[in-house]
Every structure is written in C-alpha cells, then in structure tokens.
Amino acid sequence: ELLTVGGGRRVGVFVSKGGTGLLLQKLITASKESPPSEELMLQLHSLLAKVGPKDRKFGVKARLNGALNVTVNLLKQNLQNTKLLLPCLQVLRVYSTNSVNAISLGKNGVVELMFKIVGPYSKKNTSLVALDTLGALLKSKTNARRAVDRAHVPALLAVYQDWHRNDTRQRHMLIRKGLLACLRNITNIKLGRKAFIEADGMRILYNTSTECLPVRTLDPLVNTSSLIMRKCFPKNRLPLPTIKSAFRYQLPHVPAGGPVAQLYNQPPGVDDVVDESDDNEETEADTENDTENEEDDKDHRTNDDIETDLNKLRPKESQSRLFEELRVYDRFFVELSEDFQVRILMGFALNHTQATIPSYQQYLLLPVQSIMSAMSKEIICMSGPTNHPKVPKYLMRATRACKRFVHCISFIYLFHSVNTGGSDCGSEGPEEEGGEGAVLEVPDTALLLPLHDPDLYVEMVKGTRSVPHYSEVAYPDYFGHVAPTFREPLLERVYGVQRSKIFQDIERLIHPNDILDKVIYDLDIPSCPVIDDDGESLKFNSQFESGNLRKAVQVRKHEYDLVLNSDINSNHYHQWFYFEVSGMRVGTTYRFNIINCEKSNSQFNYGMQVLMYSVQEAISGRPRWVRTGTDICYYKNHFSRSSIAAGGQKGKSYYTMTFSTNFSHKDDVCYFAYHYPYTYSTLKMHLSKLEALRTPQIYLRQDVLCETLGGNSCPLLTITAMPESTSNDHICQFRNRPLIFLSARVHPGETNASWVMKGTLEFLMGTSPLASSLREAYIFKIVPMLNPDGVVNGNHRCSLSGEDLNRQWQSPNPELHPTIYHTKGLLQYLAHIQRTPLVFCDYHGHSRKKNVFMYGCSVKETVWQSNINATSCDLQEDLGYRTLPKILSQIAPAFNMASCSFVVERSKASTARVVVWREIGVQRSYTMESTLCGCDQGKYKGLQIGTRELEEMGAQFCVALLRLRRLTSPLGLRNHQHLLDVESDLMETRCKVASPTTYVMEEDEPSFLEEVDYSAESNEEDADADDHSTDVFDNPVHLDQLSDSETNHRD
Ligand SMILES: [Zn+2]
C-alpha cells in the first residue's frame, strides 16, 4: 500500500503526517529479518528516495532511527545488483547532505564505496547519483582528507579527463560537473590542494578548460575549473622586501600604540610581506555548521554601524579649546572684526593688492632658503636653448631621471645633462655629454585654460616639499588638461574577460619558461629606481608629485606587473596611481596588472577606465587626460596579503586591476592615473591665478592656515563681496553675512574632490549675476586641500602620520594633524563668537558608487534605521538638512538624491561631517561624494565622469547655496511649499532606505557578470577550523577596515 504514495503534493502530505518516521521504522524492522527481503528493501528505498528530498529533517531522522547503516550495509552487499543500487544511492545522496551524517558515513567507508562506483565513461548509469553523494560527503574536511590519503585526487583527475575526452557530444555535462564538484570540495583543504598540484591538476584542468572554451554551453565546467585552479594556485609573495612604504618620514613624535609605532616597532626579522605560518590545518575539525559561505557575514553586519546611543546623537558640548586660545584665529576673520572698516579703507587705499594681509605669493617665499635653492637647482637649468630638430629624441630624454626646464616664450627646452656631480643617473652613457636639447612646442592652452600657466606651475613646484625630494615635473601637470569634447561612455564589459585574464595568470604556472620576471623599475633600489635596459622593455617612472608606482616587473613580452607604494608611514592604503610610461611600440597591445589592490571590488568592474595622457597628443594641441583601456578587470589574485596589513586576518589575497592598451605614437611619453591628477602645486598655481579674477567688487583673501608636517602650507581662502560702500549699514551687512565653510581633499587619492573644488572656486570668483548675489549673501571660508602632504607624496588616504585625517576630528593633535587641528580651531572660534556656519561641506570622492551624492547627519533618520526606542521628544528635528541635497538633485544632473544618507554611523564618529555637526552645531554638515567612475542616472547616465562634469558640480553647489539662502532668509520663509516637498520626500524615502552602507552598494554594483566565487579563499578552512568566536566582528581593527573598504561609506 505504501507504493501508492506518489506525486509531489501527496508526498508533502505524507511527510507532514509523519510518514518519514514510519518509513524509517519500517526500514529498521525489515533490516532485522534475516535475510531481509530484497523486494521490501527495494520498495522502501524507492519510497525514501521520493520522500527524503521533501523532508528537511530527513537526514536527522534517518540518523536518529539508525537507518544510515541499514542503507550502507545493503549497498555494500549489493554493489553488483543494479536494481537495488540506484534507490540506495538516491537515499544515500539525501543522507549525505546533512553534514553530521556525512562525517558518520565517511567513517563507515562510504567515501571509498562511492569511489568504487564512480568510474570512467563506460559506467555512466550509476555515477551521477554516486557523484552527487560523493560531492556532498567531500564537503566534510575529514572525508576530504580521507580521499586525499587514499590517493583519490589523481584518480578523480584521470576520470575527469576520460569523460572530457569521450563525451565529445557534450551529453554528460552533469557528470563532468559532478566530478569537478568533488575536486572543488577536496581542494578546500590544504592537503587537497597539495595533492591536486602534485597530480598535475593545474595542467589537466587548464588544458581541458581551454578545450571547452569555444563551446559556450560548457561554461559551467570552465568556471568551476577556473575556481579550483585559482584556489590551488600556489600563493606568491609580492615581489617586495617589505610592504612598508618605500619612503619613511620621521615624525616629530611617534605616539606609542599609534600606527607608526606599530609599523616600525615590529621585531627584526618579521617578514611583513607574507605571514610566517598559518598552517593550522591539523586543528581543523568538522563542525555541524560546515558552511563555506563567507557571504553570510554580510547579513550580520548590515546595521551594525548605525549609532544607537542617543547620547552620541545629541549635541556635544565639546571640551573645546578656551576662547583665549582660540583668539589666535582672529586674524583669519578680519572681515568679522569691529575695526574692519578701518582695515578695508586701508585696503582700498592700497589698491586691492592685499597689502595688509600676507599674500599667497608672499608665503610661497617662506620655505627655508636652502631647500629652495637645492630644489631649484634640480629643476631649472639656465643654459640657453640648443636647436635640435628631433623631437622624438628629446622625448626619450624626457623619461630620464634628470630633466632640465628652460623657458623661452612659448617653448620649453628640456635638457639632459650628466655633468651635475652626484647625479642620480650615473648610468647615463658618455654620448649624452654636453646635453642635448630639442625644441618642444608647448601647447598654447592660454585660451583654453585661462587658469593654467606652465611657468607658474614650475615656480610653484619649487616651493612644494616632498618626502622623496622629487625634482621632476610630470608633463600633464605642466601642460595642463583640457577636458575632451567627446563623450566617454562607461566601458561595456566583454563577456569572459575575467576568465581569460585568470587563465593568462594560470599560464604563468603552466608555462614558467614564458615568464620573464624582469624588474625594470624599483623604488626599493636606493640609488636608481629606473633600471636601464636594452630597449626591449617599457620604461616607467613615478618620481614626481603625486606619483605612485613602486615597482614594475615585465612578466611577458608585453605584460607588466605593477606594484603600488603604500601611503608613507603605513603598509597599505594603496589605490591611487600615477606613473609615466615610455619606450612603447605602436600597434602593440600592452597588458598592465596592478597586483596589490586591496579592496574586494572596484568600479573597474563596472565601466570605469583608467586615465591616460599622451605628451605627443599634448604637443599636437590636445593636452588632455582621456579614459583608456580595454579588457579591464578587477579580481582576486594569487598574491597573499600579510595579516599585518589586513587587519589581523590571515589568508587574504590581494586583487589585480588589469587593463590593456595600445599607444598611438612612437616615442611618446604617456601617463596613467587612477583619476584626473590634481597636485598640490596645481592648487597653488590655481589659487595664484584666481587673484587675476579679482575685481573691485570681490573680496578675496588668501591666508596660510598652518604648515603641514612635511613643511607645506595649507591655504585658507575667504571669498565674499566687498561692502557696497563704507557706510555703517553696508559694513554691517557685510559683517553679518552667514558663513559657508568648505573643505576638500582630506583623502589625497580622491582627486575628483579637487576638481569639484576648482569649479566652486571659479564660480565664486566669476562675474555672473548669480556669483555676485552669492558673494553678497555669504562669507565663504574654504580650505581647498586639507592634506597637502598626502597629495604631494602620492598617498591614497593618509597624511604623513600614517593616519586617515578624516578620522581625527574628535581630537586632532596639533603636531600630527595640524590642518585638522586648525580647521577645527576655526570652526570652534566661529562657534564661540556665535557665528556658526550655515553650511559645512567636505568634498570627497567615492570609488565604489556612481553619481554625486551627500552624507549628512540626522538624529531622526539614524533612529529610524536602528531599532532603538526613542520618544518623540527626542526626535524633534528641523528638516533643513535635507534642503541643500534636495536642491542639488533638482539642478545638478550628476547628483542623485537616492544615494544620499543622513545616518550617523559609529565608525564615522570622528569624521569632519559628524564632528562639525555634533560639536560645532552645524545642522547642515555634509560630506559630498563624487564618483570616480560615472553616472547611472540623469543627463550623464552611461557616461564616465570628467573634469568638466566635476567642475560643473562645484559650480552647481554654489547655485544651490544661493537657493538655500532664499529659502532660509526671513523673507524667503514664505516659500513653505518647498519645505513641504522636502518633508514628503523624506517620508517616501524613509522606507526604501535600508542601510546607508549596504543598500546602495547592491543597487550600484550588480553581481558579477561571470560567476566569481569569492569563497575561493584558499585557506577558508583555516578560518572555519578555529572556534567561531574568532569571527571578524570581534576584531575592532578589522571592523574599522570593513567600514572603509567594504561598506562603502567613505567620508
Ligand atoms: Zn574621502
């Protein structure tokens, strides 16, 4: 009667009525008869095979009933009985999906049994079910080890090859896939990977995959093979002596326990490139939770970072500095002072040359004289021009370490001279004697780039101080950049690009003889980072302001591995790059791999291209950065990352960002960058040029806020309108204008922030009626570059203290974080004199999201996002913080309201935005994030972002401020409608926003186009093997890292 059970629904009912238990008991009873009835056993197993998959508790029930052994014994006795074999295997397959059963079955020899059944091509009838069972059993590490011990890895490989060869009509994909699944599970353990390598598994899977590639339907096989190969690929160490930055800066004092102390107080002999040993394979044990899914972690962390302590969301009466102390900032606010009228009159009398105030030009002369002369000697050569017709030859010159600039009307002459005694370039041959020069026509960009001046740029460079004492000027910074007029769409990803790149990487192992491994640039060689060569390799250089390239290794004829330098006084944080390439051939495709990327994903997988600048193009009248690169891909590679630089986590790998490109010109000098460079010297040049835009109506003052650790000046700008007259009324209006406080570039790698700032500054200095109204409405205080040292030295995120300056706002150290200390001082001063700014905004760049958006601070929205209970009186809050972003979303095409967030996170407690909001009391305190990639909405949808759009954003920010003024001024209050809109908008979005950090990421970064299994961490079992309390979330250091690098909220 049992046979009548059939059909999905009826099975379901059967299960829900406890039918499974009955069947299992029947099975036990039947097994006790001797001999058991074969017919009954067959029927019972056929039924169990139907019922099992429908019953989630089937595995547990079977174990508790003691049914496992019944089936196993039956199977062992009937291996030749094809009739009984299949239902038994089917039941076994269901048993095995339970991890405890898998261990128990393994002990009873079922792994061995399955290997007997799984066989070559001819045995196809039984092997699929057996394979599935085997695959499930091998998820247990004990079973995997058992399989390795019995030499099943080579056997499996041989069987796989047999199927691959014979299944020419591709009719048994599932079996082939099942075999690979077994291999995949075995290679989850270290022993398995070892056995796989010893059995020549890499070559076997590489060859079979290559043969499968042309048949698209075989992709699952190729993908699984690729996953296994990546996992088994022996981990390499980065080709570096240490991951500490190639440059070290001696701090005035090193706080104990700080990052620099940790970095340099490691015991001698510690190899920070790889971990000494993390072989804890022996301790690995099977656990009930045998999950291999690291994605699970994501759910736990979703809302972890939201501030739930209401006290930390309330305004904080900070332990602000005493007003007596803050009075030093008086001098930066002369326009607010009582005796301003007198000063202004003096200023008028002196014909607006800022004579009463230290001017920008004056402070440029401040640096120590000896350094000035030392640097200028390096840069400027006073020899006269020599006519030399061959531009190309000169261009070769340009790549050498010593360059000389000579200026002559619209030409610059570059010389290479060897007679400089103590030159860095001892390798130069005597044929260079006397110096050769060639005429180089500087593109006449005066019309296109009114605020760029190459001569002035070089002047500015002389005053810029870098830790490596750079003496060269990169051409793009010298010539300037004119935004191209053509559109630059997001790059469409080519199908299979990641796979093909990974296969090329695997070929390194399979065909080691093809690998050159030739070091051609190396900052760790003290005397000369450029290694001279026979002309068979490209030449690299990054010894200039904002440059970042530590090492270049030619791996194949046209392929280079590049290693980025860590931020100074740190051992990671690299992402920004800027380097020069020369010696290229036209018509050759070069592949570049940046092999020590740290983030787990990148916009390079979603349409972003690198930037390239060609000097040949520049001198042909097209000085510009253009988006370049094909076959761009970002993926986890086989270079292991030391736990020292990975927040204590072991077994992490670096990521590769790869791109390919062609060069259009022979003998060109080209530059590649992560994003449009904007150096500190560029800022100084730009600020100097802003002076030229001054009119009698504009009040512009440039002060030096402070000196940085590295000896660079941090500029502070004041922009507003001159009072209409010296009448009391006008002076009073002038003095009482609300303040707007802006800053940018605390993170040096976020160069887009500087371009947005450039747009803001130029708009503010403009002649449009809007600009005049804006100046009349506000006093602007602007710190355009909060981290000059980081910018100069090619850092990505930190200052010379090895710290992220945007995590120092709670208690900045005057010595170590002077720019933050004094910027905060200015704001504290303003708070003291009751002149808290109306708006504070810090400009940033975002590497993992598209569009431009803002982060603000709202108690209400923070509470909404968390589950804390708060009475409504806690939640009284003006919605004004929403107005500015709302206006921006209406007027700025790149701006996207949906990406904005107003939630206060714990990890952001010491950022400018949160501290200025909470301690200074600025309600409209923002981080404005601009994409490094492009837009996926609005007018620029589908396009990569360029400097034009970024500058436009900066201008539109100003326009929005003007609208904000109209809404917030007493007269403007009649416009209630807008605030109502804001309110309703707020209500709408309230439910949509899940978490500020995760929800946008998912929307913005769809899953990979190709299957990428990031659980292919080669020692994931090492993490699993340990007690689960070593979960990453118990590690605050790591949590902090996650908040930066994983969750995307990057202010
Ligand atoms: Zn940032």
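**Figure 1. Pairing of strand 8 with strand 14 in the predicted model.** In this predicted model, strand 8 (residues 578-582) and strand 14 (residues 669-673) run antiparallel and are joined by five bridges. Glu-580 has Tyr-671 of strand 14 as its bridge partner.

**Figure 2. The open sheet of five strands.** Antiparallel pairing links the five strands of this open sheet in the order 5-8-14-10-11. Strand 5 (539-541) and strand 11 (625-628) occupy the edges; each has a single partner strand, so one side of each is left without a neighbour in the sheet. From one strand to the next, the twist averages 30 degrees.

**Figure 3. The open sheet of seven strands.** The pairing in this open sheet is mixed, and its seven strands follow the order 15-16-18-17-19-21-20. The edges are formed by strand 15 (698-707) and strand 20 (852-855), each with a single partner strand, so one side of each lacks a neighbour in the sheet. The twist averages 20 degrees from one strand to the next. Strand 17 and strand 18 (residues 779-783) run parallel and are connected by five bridges. Ser-743 stands opposite Val-783 of strand 18.

**Figure 4. Helices packed on the sheet of seven strands.** Helix 29 packs on the sheet and touches strand 16 (713-721), strand 17, strand 18, strand 19 and strand 21 (924-931). The direction of helix 29 makes about 140 degrees with that of strand 19. Helix 35 (residues 912-920) also packs on the sheet, where it touches strand 19, strand 20 and strand 21. Between the directions of helix 35 and strand 21 the angle is about 170 degrees.

**Figure 5. The zinc site.** The protein donors of the zinc ion are ND1 of His-747, two OE atoms of Glu-750 and ND1 of His-844, at 2.1 to 2.3 Å from the ion. The arrangement is irregular because the four donor atoms subtend angles of 59 to 154 degrees around the zinc ion. In sequence, the donor residues follow the spacing H-x2-E-x93-H. Glu-750 lies in the loop between strand 17 (739-744) and helix 29 (751-764), whereas His-844 belongs to strand 19 (residues 839-846), so the pair ties together parts that are 94 residues apart in sequence. Both Glu-750 and His-844 are buried.

**Figure 6. Helix 2.** Helix 2 (residues 19-32) comprises 14 residues and spans 20 Å from its first C-alpha to its last, close to the 20 Å expected at 1.5 Å a residue. Its buried residues are Gly-19, Thr-20, Gly-21, Leu-23, Leu-24, Leu-27, Ile-28 and Ala-30.

Methods:
Residues numbered from 1 in each chain as written. Predicted model: local features only at pLDDT ≥ 70, side-chain atom pairs only at ≥ 80, totals over all residues. Heavy atoms only, no water. Donors = N, O, S within 2.8 Å, 3.2 Å for Na, K, Ca; no water. Tetrahedral: all angles 85-135°; square planar, octahedral: opposite > 155°, others 65-115°. Helix = DSSP H or I, 4+ residues; strand = E, 2+ residues; numbered from the N terminus. Buried < 20%, exposed > 50% of the residue type's maximum accessible area, 1.4 Å probe, protein only. Expected span 1.5 Å × (residues − 1). Pairing = 2+ DSSP bridges. Axes fitted to C-alpha atoms, helices over the stretch in contact; angles between N-to-C directions. Contact = heavy atoms within 4.5 Å.
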